[in-house]
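Student: I would like a close look at one part of this model. Please start with a single residue and work outward from there.

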Amino acid sequence: MNNLKTKSGVVNYFSKYLGVYAFLCIMVIGMTMISDKFLTVSNVLNILRQISVNAIIAFGMTYCILLGGIDLSVGAVICVSGVLTALMINAGVNVYAAMLGGILTGSVAGMFNGALISRTGIPAFVVTLCSQSICNGLAYIITTGKPIACNNETFTVFGNGYIANAIPVPVVIMLIIFALVLFLLVKTTFGKYIYAIGGNRDCARYAGINIERVETLAYTLSGTLAGVAGVILAARMYSGQPNAGDGYELNAIAATVIGGASMTGGIGSVAGTILGALVIGIMNNGLNLMKAQYYYQTIAKGVVILAAVLLDTYKRKMESRRQLEAAARMAEKDSGKTD
Amino acid sequence: MTAGMGKEDAMEEGLLFRAKGISKSFPGVKALQNVDFDLKAGEVHALLGENGAGKSTFIKILGGSYRPDAGSIEIDGKVVGQMSIQSSRNYGISVVHQELCLAPNMRVYENILLGRELKRMGICWEKEMIAYAAQALEHLNLKIDPLEMTDKLSTGKRQMIEIAKAVSYGARIIVMDEPTSSLSENEVDALFETIYMLKKRGVGIIYISHRLEELATIADRVTVLRDGQWVGTVNYHDVTREEIIRMMVGREMADMYPSKQPCGKEVVFKVAGLASGKVNDISFEVRKGEILGFFGLVGAGRTELMDAVFGVDKVFSGTIEMEGKQLRIRSPRDAMEYNIALVPEERKRNGLVLIQDLAFNMSLCVYHKLIKRGRLDKKRQRDMLEYYKNKFQIKTPSFRQMAGNLSGGNQQKVVLSKELSVNPRLLILDEPTRGIDIGAKAEIYKIISGLAAEGMSVICVSSELPEIVNLCHRVCVMSDGRIVKTIDREEEITQERIMEYTLGGGHE
């Protein structure tokens, strides 16, 4: 009777992200055997702090990729928002107001992207590539190319502080944002419409969904989260640097893809993305503990992404085949009845 | 009995191709069951059948894109194993599809030699390629410049290029899938001339068409498929047109359609002077419980009209009224607020999110009602899903089944459920039974007439005449973006009448 949900939520969740979990387990077991420093509380918290900035951007990236688009501007937006925040604080603006200003800079950039993409039909790749270039230039012009130091303690605590003397502040921010974006994606019509548009844009239009609004909102969200990430990164580095976010967009895409998202849109979730970010974080941390050179880390990252995507594709094919067989069995039974 | 004739003929000389007992199933559909077919050199063998009879599946097996579940294929008397797209081509089979496979951005000679360019040490020899293409075109007496850009040519000429390409491959079996469907009269004549020439050279042609008229000019033999089954193979000149139609339609036709119920008098929906640029000067009304049909040839503007009514396309002038109240529809969402629902033309492209499950698709139009403050009303959703599943007999293992993994008939029922979830007073159906098998068609007809009997007003757009004739209370005939005739009296709704108005176009 109740065949809407045949598996319980928990089982369903784990089976959905089986690939990523398999990776996580293998890596955790491997690292624990190699290094006794790996599975310590301080190292785990350290990993979480290292992934927090990437995870926050990747959440926004997931929304864009779910729509069938992409946001290449996030790395550059990080630079602008960090630099502006540092500048404003140094100029004597209230710290919280300055941080809000930095975040809103990201929102504006995101809204610009979203409005252009949804209303002109220029591909997201092109639009965000352009805004990346523009933001990069802005960050250098504002700073004249030099880092802007900022040692205000109320500010730097957002990058380096701890809550209850144990949990790093960026980790807490990441978890709060995660809860928020997961809720938005799973529980609201906004989330449902994201899946509908990414899955079939024409169908979404005929279903009466305001595609322009949903798309603009999604890119605004991505820009806003990049703004948050920029503020945290500046706080962590005690300075706003014009090149702080270079290449972050690619790491965010990597986390999203490892987390099971399809680049053609419609498939994926922030729940997978946070695991994807974790996979990258653990891998980098493990290679660091093994004292491997940075270049090995990039090779490992490439291999892991490929393997994760292969596993995902295979899993999806099997699931589809299972469903087709079930439908065929039903048809068979049915025609048996009528014959 | 016509059935035996094909077998006797097959014993004759010059048999190019023979398929025996071909079967192929898809989820929920038996597309082909035990189909026999053969082809002699220099013959045009027409393959006939209604939509969903299994013609396209058969072609795809010939072309190597599908593997049959059972049956054997012989070429030149030798049994061949599983065919791939490549090996089918090597056996000399070539399919000229309805949608032509030419790259529009390349020149004619490049298209003719695509994938087998003439090379020396890895470098393409343009001069030789052009000469080769020119010769291939000459061979069929075609006056086409091999250097012309492909997208500059008419559909008819492009089709000729496809045929020239097939012949230059050394194809001896050419399959033509509805070759005349988008050709002008002159182009059809040119095509037939080419076909005669091919016949003389001993090429066998499998000719697929809806148009019985043109078979008289070219067909030697005819094989009819119905519901995936082989009905018979006959010499064209031994039978009458009526006999062929009877073979195609079969006996179930009578009980496929439910009897028409009388509809109400009051006008529910009224459109006056509507213009969207693609359609102009449109006026019609729909009464309570009425099924209003819209017929027209491809490009007559039926889908464009429905898109305008539903707010997908912008409307420049005209009024739309529902129960005497004027409506302002600027988007599909507006239309739905006014209780208008549209089942769009191509369900896979416009009606379904194929990579999402049934529950998602069926709830899509009402998610904003099912979700309140981030809480999905699961009970209400499940009740709705169960209601439509039972009402329409949707056959699915579960609501978690992906929409893409269902048969066409069940997919269409899912789209119907989705649209009905907004409680429409006016339901617009655009080609509601395209690409689904006969059994599912009959079910859909029952659903449509049931909804009308409950008092819903229905607009049914269709290019299948029997559907229009047997289902609709009144019919609007469209041509070139306008309604050329509204047939009000039920007894005047006949296939002949409608075709007359369709072809008469604006000359009235």
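Student: Is A:Ile34 buried or exposed, and what is its relative accessible area?

Tutor: Keep in mind that this is a predicted model. A:Ile34 has a relative accessible area of 53%. The cut-off for exposed is over 50%, so A:Ile34 counts as exposed. Its place in the fold is helix H2 of chain A, which covers residues 18-34. A:Ile34 also belongs to a nonpolar patch on the surface. Its partners there are A:Ile29, A:Met33 and A:Met290. Together the four make a patch of about 450 Å².

Set that against a general trend. In soluble globular proteins, nonpolar side chains tend to be buried together.

Now go inside. The largest nonpolar core holds 187 residues. Those touching the most other members include A:Phe59 from chain A, and B:Phe269, B:Phe284 and B:Leu305 from chain B. Helix H11 of chain A, residues 211-236, gives the most to this core: 14 residues. Another core lies apart from it, with 47 residues. Among them are B:Leu102, B:Leu153, B:Phe192 and B:Leu215.

Take A:Phe59 alone. Leave out its neighbours within four places in sequence. A:Phe59 is then in contact with A:Met174, A:Ile177, A:Phe178 and A:Val181. Its list also has A:Leu225, A:Val270, A:Thr273 and A:Ile274.

Chain B has its own helix H2, residues 55-62. Do not confuse it with the H2 of chain A, residues 18-34. In the chain B helix, 6 of the 8 residues are buried, so the rest of the structure largely encloses it. The buried ones are B:Lys55, B:Thr57, B:Phe58, B:Ile59, B:Ile61 and B:Leu62. Just after this helix, B:Gly64 has a positive phi of about 90 degrees.

A polar residue offers a further contrast with A:Ile34. B:Asn350 is buried, with a relative accessible area of 7%. B:Asn350 sits in helix H13 of chain B, residues 347-351. Residues up to four places away in sequence are not counted among its contacts. On that basis B:Asn350 touches A:Asn200, A:Asp202, A:Cys203 and A:Tyr206 in chain A, plus B:Pro344 in its own chain.

Last, step back to the layout of chain B. Domain 1 is 1-92 + 172-250, domain 2 is 102-171 and domain 3 is 255-507. The centres of domains 1 and 2 of chain B are 27 Å apart, taken over C-alpha atoms. Where these two meet, 17 residues of domain 1 are in contact with 16 residues of domain 2.

Terms used
Residues are numbered from 1 along each chain as its sequence is written. Chains are lettered from A and ligands numbered from 1 in the order in which they are written. This is a predicted model: local features need pLDDT of at least 70, side-chain atom pairs count only at pLDDT 80 or more; totals for chains, interfaces and linings use all residues. Side-chain values use heavy atoms; hydrogens and water are left out. Patches are made of residues with over 30% relative accessible area and no salt bridge: like charges are joined within 9 Å, nonpolar side chains (Val, Leu, Ile, Met, Phe, Trp, Tyr) within 5 Å. Accessible areas come from the Shrake-Rupley method with a 1.4 Å probe; for residues, only the protein chains shown count as cover. A salt bridge is a side-chain nitrogen of Lys or Arg within 4 Å of a carboxyl oxygen of Asp or Glu. Helices (H or I, at least four residues) and strands (E, at least two) are DSSP runs, numbered from the N terminus. Buried means under 20% relative accessible area, exposed over 50%, partly exposed in between (1.4 Å probe, protein chains only). A nonpolar core is a set of buried Ala, Val, Leu, Ile, Met, Phe, Trp, Tyr and Cys residues joined through side-chain atoms within 4.5 Å. Contact means heavy atoms within 4.5 Å. Domain bounds come from an automatic or database domain assignment.
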